[in-house]
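Let's take a walk through this model, one piece at a time. Keep the viewer open as you read.

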Amino acid sequence: MHYGYIGLGNLGANCAACLRRAGMKLTVTDLNRDAADALLELGCAWADTPEEVAQAADHVITCLPSPAISERVLDRILPVMRAGSHWIEMSTLGRDEMLAFAAKAAAHDIRAMELPVTGGVHLAAQGKITMLAGGDKDMFDLHLPALQAMGGQVFHMGPLGSAAIIKVITNMLAFIHLKACGEALMLAKRGGLDLGQAWHAIKASSGNSFVHETEGALVLNGSYDVAFNIDLALKDLDFAQAFGREFEVPLDLAAATEQTYIAARAAYGGDAQSPMIVRLLEDLLETDLRADGFPARLT
């Protein structure tokens, strides 16, 4: 099966590489031509435009930074995609946006499947990221080999729109956990504990979390570099708040965490790394959270 892949950022480039290493034929494109260099070495074909990708491939995967960009790209590829082919959207979209875009695709006889992922870019590089699919089961079954090539655990969440909801939920939890992790590490530091030992003790305790093990380590290194920025976190938190209003669920912790991210954006800019919300607390208390032996990037 010949896939087209549009969007070779931190996530997309790694997922595309996993597809190619699994032996799948792949044509790729991105605004940044250099982002494809490693993929071309693996044997991927390059296309200058999204339209060329859509014309070459049996099915098209997009992995883009915002709903607006997804829509612009979709409007370009739909007129030239083969009738009956599939569009697989790996970007994080709101449920209503995904449904609206799928309706556009259906008008061109193109079927859509959503495929947001969670777990971090380092797991995408290993082909172990978690994949959350939403759409018709026959589409999921057809593309399952590709999904398994890109991801470790693969879940079919239900009809189109289901994956958008669970992705927002998982990201909301991660941001809340990060805020809590920063506060916990600061308590340890101000309480006179060795931060490295405190991190390991938390990891072995009932207070542990995936975020503590990953982003907490980047905080202690001082790099904060999780390859996910504050603007993207705020986009996801906005989706969460919208679901809270729609489903009439009070999201007190998500609301407080969103305010922390807004403050971090004001202090460091939207392109700053998501764990920089912990830096706010470090700056406020003039106390850094550093320990030896922790990585600058997750591998």
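Contact here means heavy atoms within 4.5 Å. This is a predicted model, in which local features need pLDDT of at least 70 and side-chain atom pairs count only at pLDDT 80 or more, while totals for chains, interfaces and linings use all residues. Residues are numbered from 1 along each chain as its sequence is written, and side-chain values use heavy atoms, with hydrogens and water left out.

Start at His59, which sits in strand E4 (residues 59-62); strands are DSSP runs of E, at least two residues, and helices are runs of H or I, at least four, numbered from the N terminus. Leaving aside neighbours within four places in sequence, His59 touches Met1, His2, Tyr3, Gly4, Ser85, His86, Leu142 and His143. Its relative accessibility is 10%, so His59 counts as buried (buried is under 20% relative accessible area, exposed over 50%, partly exposed in between, with a 1.4 Å probe and protein chains only).

Now hop to helix H5, residues 95-107. Which of its residues are buried? They are Arg95, Met98, Phe101, Ala102 and Ala105. Looking down the axis of H5, you'd find these buried residues within an arc of 130 degrees, so they line one face of the helix; the arc is that of the directions from the helix axis to the C-beta atoms. An α-helix has 3.6 residues a turn, so residues three or four places apart point the same way. On the face of H5 turned away from the buried side are the exposed Asp96 and Ala107. The buried residues of H5 pack against helix H4 (67-77), strand E5 (86-89), strand E6 (111-114), H8 and H11.

Helix H12 (residues 252-268) tells a similar kind of story. Its buried residues are Ala254, Thr257, Glu258, Thr260, Tyr261 and Ala264. They cover an arc of only 160 degrees around the axis, which puts them on the same side of H12. Exposed Asp252 and Ala266 are on the face turned away from that side. The packing partners of the buried residues are helix H8 (162-190), helix H11 (230-247) and H13.

How do H12 and H13 (residues 276-285) meet? Their axes come within 9 Å and cross at roughly 80 degrees; axes are lines fitted to C-alpha atoms, for helices over the stretch in contact, with angles from 0 to 180 degrees between N-to-C directions. H12 and H13 are therefore roughly perpendicular, a label for angles of 65 to 115 degrees (under 35 is roughly parallel, over 145 roughly antiparallel, the rest oblique).

Key. Expected span 1.5 Å × (residues − 1).
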